[in-house]
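These are my notebook entries on a structure that I had not examined before. I record what I looked up, topic by topic.

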Amino acid sequence: METSPMQHAFERTPLWQALAARDDDPHSAQREVLRAAYLQFRKTVEPLASEIAMSMPMFTDHSIAHIDALWDTASMICGANVPVNPAEAFVLGGAFLLHDLGMGLVAYPLGEAALESDPQYPDLLAGNQARLAAVSPSIQQEELLRVAREQTIVELLRLRHASQAERLVSTQFRAPDGGHLYLLQDMALRHHFGALIGRIAASHWWEVDDLRCFEHKQGSCADHPADWDVDPLKLACILRLADVAQIDQRRAPVYLRVFRGVSGASEHHWRFQERLTRPLVVGDRLEYTATRPFRLEDVESWWLACEMVKDIDGELRKVDALCADLRRNRFAVRSVAGADSPERLAVYLRTDGWRPIDATLRVSDVNRLVATLGGHDLYGNRPDVALRELVANAADAMRARAIVEDRPTGTVTVRLSEDQGQWWLEVEDTGVGMDSTTMVRALTDFGYSRWRSDAASQQYPGLLSKGFQPIGRFGIGFFAVFMVADDVQVTSLSHEDAPRSTHVLEFSGGLSSRPLLREADQSERLRRPGTRVRARLRDDPRSEKGLFRTSSRRLQHTRLFHSLVRRTCALVDVNVDVQGPADPAPRRVVTANDWTSISASELFTRIYPRDEADYYGRRHFDAFETLFVERAQDVLDDEGRVVGRAMIASGWEPVDEEVRRWLQPEAQVYVGGLLAGTLDWCMGAFVGMPLTADRLKAFPSASPEVLRGWVENQAELARRNPIGDHGHLAFTGTVARGLGAEALGLPCAESLDGPLDVANLAKWLADRDEIFIANPHFHIFDRGAGTRRFFSFGGTEVLIDQHCLITNLYSLWLYPEEILSHPRVETLADAVEPEDGVWHAPSWWYDNGAFGSIALVVRTIRTSWNMTLDQVLDGMEPMYAEPNIDRRPELPTAEGGTFRMNMIRLRRLAEVRS
């Protein structure tokens with residue numbers, strides 16, 4: 001027969017021939033009805049398919065061109081092995097038309113309202129809002145909601161498109177004249193085949209095993225030949241295989257990518273598909289080829305193509321297995337050439353200037369993710385974190401081996417050396433080690449947490465149940481090494497292997513090049529299990545950008561290195577040996593878990609950087625070491641384990657007048673034994689929990705009750721053995737209350753008569769009916785015998801009234817809110833500060849009161865004056881400077897002038913006065 005000049009390309013495919021007109025056809029009438037109905041169906045769907053790009057412009061082509069191409073791809077996969085009759089061809093064509101149509105908003109007669117009513121919509125929207133807020137904290141709320149809503153609609157379109165496809169045959173669409181129309185207009189065919197077409201269209205997103213529900217055939221139409229029955233299993237398999245395999249340049253026309261402005265991850269889909277030719281069928285395999293090689297700038301596109309090829313191969317193999325299991329005709333195409341390895345795929349999809357390694361051992365777009373989350377953007381200007389993370393990995397490996405083999409944890413050896421002007425950092429452990437597969441997966445897959453993976457559970461059964469808690473939780477720590485080095489070499493030997501199985505993974509260009517995996521040569525082989533990481537540092541460690549973050553020449557590299565490693569690893573539960581450039585051999589600087597048993601002086605020296613400090617800093621540490629030996633106490637958890645050795649430090653201790661308050665006191669907080677954060681106004685060391693993924697913020701892991709008990713002991717020790725003036729005791733009380741204690745014996749307020757604890761405050765209040773409360777904006781000098789002088793921060797001596805009470809109205813709270821929120825009176829949660837900005841007692845109390853020294857002051861006022869909290873708050877009169885009037889009281893000065901300051905006036909209620 002002659003070919004019509006208007007014939008579509010799909011009408012020349014082998015599968016379509018079941019519907020094509022033919023000479024001497026006894027069933028030409030029935031065949032013509034099916035053919036005409038399909039072409040009408042196609043004509044109606046065509047504009048809807050083109051609208052998918054409006055909803056998802058970044059996706060490759062889902063128009064009628066893609067649908068038509070499925071006939072060709074399906075014909076290649078079926079070959080002569082899987083024929084179809086005319087009824088099956090019609091049902092298959094209908095499924096082709098509908099399978100992706102739900103990805104366009106026009107496929108929903110109610111539009112966005114249909115998606116907004118989806119049960120998943122609120123959760124998806126909230127998740128997108130949270131993600132956008134985290135990524136772009138400065139984004140306006142209105143814009144955030146708009147973008148989140150758009151992303152949620154797109155996400156739901158993708159999630160629902162298969163189920164929507166099942167409903168489209170029976171969906172009525174409103175016509176311009178007010179009537180209704182169906183996509184498949186032939187009512188008889190719609191009634192007989194519509195439901196089946198919809199189910200098969202939806203099935204392309206099912207698991208292969210779920211296709212077994214199509215095992216039974218559907219009988220033929222009454223006016224069709226008896227052998228025109230329909231095998232839905234065969235058609236569902238054809239649809240899913242054709243859809244997944246159709247990834248050639250017909251899906252990604254070059255001009256479409258240009259016009260749509262595709263960027264980001266979607267661009268890689270377009271870049272590889274636009275160069276893929278129509279696949280070849282060679283034997284029982286598909287062969288994908290490309291019009292030109294993938295160069296270095298196309299690396300990510302190539303790897304995405306590799307992943308897609310593997311997916312296609314997997315689908316072909318699973319369908320083939322299903323057909324074999326059910327004794328059905330097996331498809332002519334059963335696999336994809338090169339899908340078994342990147343190296344073999346590169347024979348077909350050629351590369352130019354680079355050679356792929358196994359893509360399953362890396363996360364896609366690793367360079368961008370690591371640069372953003374694994375280096376400076378995560379850890380900031382902290383090159384020492386690279387050392388910490390390498391030691392953390394080493395310690396985890398040794399803890400694992402200790403549990404698996406029931407042996408001591410072993411030793412981490414850390415080395416710093418110089419070779420021909422190049423500085424090298426090396427961290428070596430005697431842990432479980434890694435085989436080659438584990439090395440590549442654990443060290444190249446950003447975000448892959450080895451110890452939390454299924455592979456670790458299979459390789460080391462019972463490890464977690466025996467108490468193993470890895471320091472690393474997110475699979476990102478190793479990448480911190482690239483903050484300080486580009487050339488990194490990892491050598492490892494699994495504890496289950498012989499030395500000849502040692503492998504080396506080399507990074508020769510940081511994150512800009514792919515690593516090289518090779519067998520270790522004989523000189524590189526490890527003689528015992530474990531891992532050695534060797535990194536060539538970019539900068540001299542003794543520089544502002546170097547490992548020590550100092551350019552001081554006062555100390556040599558070896559001494560600085562010892563100090564850094566000691567401080568970083570102070571509480572670790574493995575042995576740590578150090579070898580600096582001047583050390584003939586490694587020296588032990590930390591013995592596993594020795595921090596609980598060494599002297600207080602040795603612990604203090606280990607955790608504070610005295611060596612690197614300047615003259616005044618060293619005097620500061622010398623002075624506080626003596627005090628630490630006297631005052632530090634153990635913090636014991638509920639099970640009696642030591643989780644801290646520390647003291648409260650106000651910074652006002654009179655340890656050395658020249659360095660008083662030279663440095664703010666900070667205790668060191670350790671996660672997994674490694675330095676992770678600090679706790680202000682304390683000195684010593686705590687076992688902690690991380691507050692952030694980078695472990696640069698942490699808080700003591702002791703419960704609030706345990707910490708409160710330790711703080712109360714510290715407060716009582718300060719009260720009984722005062723070492724400083726009122727300033728030290730007052731601020732010690734402030735710190736104690738910031739950690740949830742009451743510290744009743746320490747001052748909670750100041751007066752002209754002296755510092756006041758709760759008992760003395762009650763006496764002070766007893767004979768007063770009016771008081772003035774002020775913030776402590778003074779330097780107080782106590783000359784003894786009740787003579788106190790108050791100087792403003794500007795140096796003016798202010799004559800304080802007998803009724804003036806000085807206490808901090810804005811209390812210190814040292815707990816992170818995610819650990820323990822500061823106390824609040826929830827009945828005041830609705831208190832709103834006035835718009836004029838005037839101080840408002842109820843809102844102030846909700847936000848800043850109810851804890852700290854002010855809470856003790858107000859409680860004592862209530863008890864002494866027999867008033868309720870509401871009465872106290874209602875009676876607080878702010879004496880502040882307001883926009884139109886200055887209500888601040890004028891206090892006399894020693895020079896004869898006046899001094900204005902904010903105060904709160906409070907009177908005892910007349911009905912409760914004695």
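How do the residues of the lining of the largest pocket divide into nonpolar, polar and charged? I found 11 nonpolar, 9 polar and 10 charged; Ala, Val, Leu, Ile, Met, Phe, Trp, Tyr, Cys and Pro count as nonpolar, Asp, Glu, Lys and Arg as charged, and the others, Gly among them, as polar.

I noted that this is a predicted model, in which local features need pLDDT of at least 70 and side-chain atom pairs count only at pLDDT 80 or more, while totals for chains, interfaces and linings use all residues. Residues are numbered from 1 along each chain as its sequence is written, and side-chain values use heavy atoms, without hydrogens and water.

Next I looked up the largest nonpolar core, a set of buried Ala, Val, Leu, Ile, Met, Phe, Trp, Tyr and Cys residues joined through side-chain atoms within 4.5 Å. Among its 104 residues, Phe193, Ile238, Tyr288 and Phe331 touch the most other members. The largest share, 12 residues, comes from α12 (helices, H or I, of at least four residues and strands, E, of at least two are DSSP runs, numbered from the N terminus).

Finally I checked two residues with positive phi that are not glycine. Arg327, in the loop between α12 and β5 (335-336), has a phi of about 55 degrees. Arg327 is exposed, at 76% relative accessible area, whereas Ala743 is buried, at 3% (buried is under 20%, exposed over 50%, partly exposed in between, with a 1.4 Å probe and protein chains only). Phi of Ala743 is near 45 degrees.
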